[in-house]
Amino acid sequence: MKTLLFTLSLFATTFVFPGEAFPVSALPSLWVAGERPTNWAKGELYIIECWASWCGPCMQVIPHIEQLWQTLKSEQVHVIGVNVGERHTPEAIRALLAKQTTPPTYALAADHGNNLKRYLKFTGIPFAVVVRDGEVIWRGHPARLTVRLLRSLKNPIPTTVPQSPAKFK
């Protein structure tokens, strides 16, 4: 019973409900490659992917994220890879990633102070969130992201409440 309660408490403290705000100011200020957005472009998707150089699964998922970005960048899907919790210089991060078989060409930032990790309340890496219009709309392991999922998040089926039918005479 204690294990179940502990597991539920972890879930409750790390879960982000759809629509939770993610201001652009929550992004790290140390930029490694690309440009830091000054605002979220309306209707565009932003994948924020968190990783560390010592994390094998993080390094393994980078080619997957690169492939997604190459496929979807013309559809206003952006990727920002964030090195979390390490103290590498931007030059060291670029050199490390250049050794990858498929180095990332998307934007990169470094979060030396783990501020993003605290803000998003995640406990493990690799980790990603998808942001649209300043709101988190998806979170989880970046390997679970697919072209189909991202397209459905970018262009959700509108949900409208039907009007009350006219009264029958």
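This is a guided tour of one chain, moving from the whole fold to strand β5 and then to helix α2.

The model is predicted, so to speak of local features a pLDDT of at least 70 is needed, side-chain atom pairs count only at pLDDT 80 or more, and totals for chains, interfaces and linings use all residues. Residues are numbered from 1 along each chain as its sequence is written, and side-chain values use heavy atoms, with hydrogens and water left out.

**Whole chain.** Begin with a cartoon of the chain, which has five helices and seven strands; these are DSSP runs numbered from the N terminus, helices being H or I of at least four residues and strands E of at least two. Followed from the N terminus, the order is α-β-β-β-α-β-α-β-α-β-β-α. Of the 169 residues, 41% are buried, where buried means under 20% relative accessible area with a 1.4 Å probe, protein chains only. Among contacts (heavy atoms within 4.5 Å) between residues at least 6 apart in sequence, 74% join residues at least 24 apart.

**Strand β5.** Next select residues 107-111, where five of the five residues of β5 are buried. In a regular strand the side chains alternate between the two faces of the sheet. Here both faces are covered, with Ala107, Ala109 and Asp111 buried on one side and Leu108 and Ala110 buried on the other.

Now add the neighbouring strands, bearing in mind that two strands pair if DSSP finds at least two bridges between them. Strand β2 (residues 30-33) pairs with β5 in the antiparallel sense over three bridges, and Ala33 stands opposite Leu108. Strand β4 (residues 77-84) pairs with β5 in the parallel sense over five bridges, and there Asn83 is found opposite Ala110. Adding helix α3 (residues 90-98) completes a right-handed β-α-β unit of β4, α3 and β5; right-handed means that, with the strands pointing away from the viewer, the path from the first strand over the helix to the second runs clockwise.

**Helix α2.** Finally, select residues 56-72, the 17 residues of α2, whose end C-alpha atoms are 25 Å apart, in agreement with the 24 Å expected at 1.5 Å a residue, a span taken as 1.5 Å times one less than the number of residues. Centre on Ile62, where a kink of about 30° lies shortly before Pro63; the bend is the angle between axes fitted to the seven residues ending there and the seven starting there. Show side chains for the buried residues of α2, among them Cys58, Ile62, Glu66 and Trp69. Their cover includes β3 (45-51), β4, α3 and α5 (147-154).

Methods
Buried means under 20% relative accessible area, exposed over 50%, partly exposed in between (1.4 Å probe, protein chains only).
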